Amino acid sequence: MTRFIHDQFAKDYLEELLKPFGKVEAPSRVSGEAREIDVSFSPFSVQNANIKVLGLLGTIAATPAIFEPFRNPASKEEICSCILKLLEIRGAFQRQANRQKTTVTELDIPKLWIITPTASTKLLSGFGTIQKVDWLPGVHFLPDSLGTAIIVVHQLPSTEETLWLRVLGRETVQRQAVDELAALPTSHPFKKVMLELLYNFQQNLRANQNLEPDDRELIMRLAPLYQQDREKAIQEGEERGLQQGEQRVIIRQLNRRIGELSSSLVVQIQGLSLEQLDLLGEALLDFSEVADLETWLKQL
């Protein structure tokens with residue numbers, strides 16, 4: 001269950017950051033065998049927002065991309081599985097081009113970015129990775145023909161440019177990134193929605209009985225931030241905005257977990273208090289169909 005919570009957070013997190021700049025699918029199904037890629041991204045041809053605000057993540061998202069984030073260090077087998085998905089996508093692009101009698105360019109095919117907290121020297125050398133001079137430390141490129149890079153989060157420099165990727169790290173790296181995120185000015189375009197995601201993530205973790213030590217430490221770090229944020233929202237008369245943010249996050253999670261919600265169910269959720277939304281954020285982890293949500297709402 002804990003791994004699902006982390007995986008879902010990573011997908012929601014990347015989707016929220018990237019959706020102002022292009023089309024995001026999380027997850028996206030690959031043709032052929034039943035395989036899913038975690039996050040597929042295609043940038044808009046004309047950008048109306050400043051993608052540079054995302055730093056290194058924005059540089060990556062300047063071209064089509066596939067993101068495969070891992071909570072635990074990615075194994076050789078998991079990396080091979082990710083590369084296989086990319087090769088299947090390349091094949092699909094080529095088959096479509098053959099049917100349409102067109103040519104596929106390398107710019108058309110998404111690059112694969114595997115995000116892992118740590119990676120051993122042996123694992124990286126086994127894939128023949130190199131670090132390019134015009135890229136930050138921690139970004140390891142496989143041979144060019146594979147169109148793949150491994151981002152080792154804990155090797156990234158602790159700068160503003162890497163902040164949005166370091167949030168996906170573990171332990172001290174993640175906690176430091178959360179502190180930096182919380183210290184961003186209120187006017188920052190992503191601060192509020194990212195904190196909302198983190199607070200919901202915290203609630204989901206708290207509902208789990210088998211937490212790892214670093215999960216407990218993260219909960220302890222987020223708890224005072226959550227309380228401070230709520231107090232500030234109340235003081236500034238913004239409680240409704242915070243409530244709407246939690247509604248958006250929970251409705252999106254429900255849509256993915258049990259299917260698209262009817263308008264009547266959405267209206268019911270929008271009528272819940274902040275405390276009820278917190279309870280729903282915990283309960284939805286056990287939902288498998290719409291009937292589970294309907295039953296839960298009737299019990300209020």
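## Cavities

The predicted model holds three cavities of 30 Å³ or more. A cavity here is a set of points, on a 1 Å grid over the protein atoms alone, where a 1.4 Å probe fits but cannot get out. Its lining residues have an atom within 4 Å of a point. Grid points are joined across faces, edges and corners, and a volume is the space filled by probe spheres set on the points. Rolling a probe the size of a water molecule over the atoms shows where empty space is left.

This is a predicted model, in which local features need pLDDT of at least 70, side-chain atom pairs count only at pLDDT 80 or more, and totals for chains, interfaces and linings use all residues. Residues are numbered from 1 along each chain as its sequence is written, and side-chain values use heavy atoms, with hydrogens and water left out.

## The largest cavity

The largest cavity has a volume of about 110 Å³. Its lining includes His 6, Asp 7, Phe 9 and Ala 10. Pro 69, Phe 70 and Arg 71 are also among the lining residues, as are Val 167, Leu 168, Gly 169 and Gln 174.

Helix H1 (residues 2-18) gives the largest share of this lining, four residues. Helices (H or I, at least four residues) and strands (E, at least two) are DSSP runs, numbered from the N terminus. By class, the largest cavity is lined by six nonpolar, three polar and two charged residues. Ala, Val, Leu, Ile, Met, Phe, Trp, Tyr, Cys and Pro count as nonpolar; Asp, Glu, Lys and Arg count as charged; the others, Gly among them, are polar.

## The second largest cavity

The second largest cavity encloses about 60 Å³ of space. Among its lining residues are Glu 196, Tyr 199, Asn 200 and Gln 203. Tyr 226, Gly 245, Glu 246, Val 249, Leu 277 and Asp 278 line it too. H7, helix H9 (239-258) and helix H11 (274-283) each give two or more residues to this lining. H7 gives the most, with four residues. The classes are four nonpolar, three polar and three charged residues.

## Salt bridges

The count comes to 16 salt bridges. A salt bridge is a side-chain nitrogen of Lys or Arg within 4 Å of a carboxyl oxygen of Asp or Glu.

Arg 71, one of the residues lining the largest cavity, pairs with Asp 214 at 2.7 Å, N to O. Arg 71 lies in the loop between strand S5 (65-69) and helix H3 (76-100), and Asp 214 in helix H8 (residues 213-235), so the pair ties together parts that are 143 residues apart in sequence. Arg 71 is buried, at 10% relative accessible area. Asp 214 is buried too, at 7%. Buried means under 20% relative accessible area, exposed over 50%, partly exposed in between (1.4 Å probe, protein chains only).

## Arg 170 and its partners

Arg 170 forms a salt bridge with Glu 212 (2.5 Å, N to O). Arg 170 sits in the loop between helix H5 (163-166) and helix H6 (171-182), and Glu 212 in the loop between helix H7 (191-206) and H8, 42 residues apart. Arg 170 is buried at 11% relative accessibility. Glu 212 is partly exposed at 32%.

Arg 170 also meets Asp 214 in a salt bridge (3.0 Å, N to O). Asp 214 is in H8 and Arg 170 is in the H5 to H6 loop, so this pair ties together parts that are 44 residues apart in sequence. Elsewhere, Asp 12, Glu 15, Glu 16, Lys 19, Arg 252 and Arg 256 are joined into one network by salt bridges that share partners.

Key. 1 Å grid on protein atoms, 1.4 Å probe; cavity = no way out; pocket = protein on both sides within 12 Å on 5 of 7 lines; lining within 4 Å.
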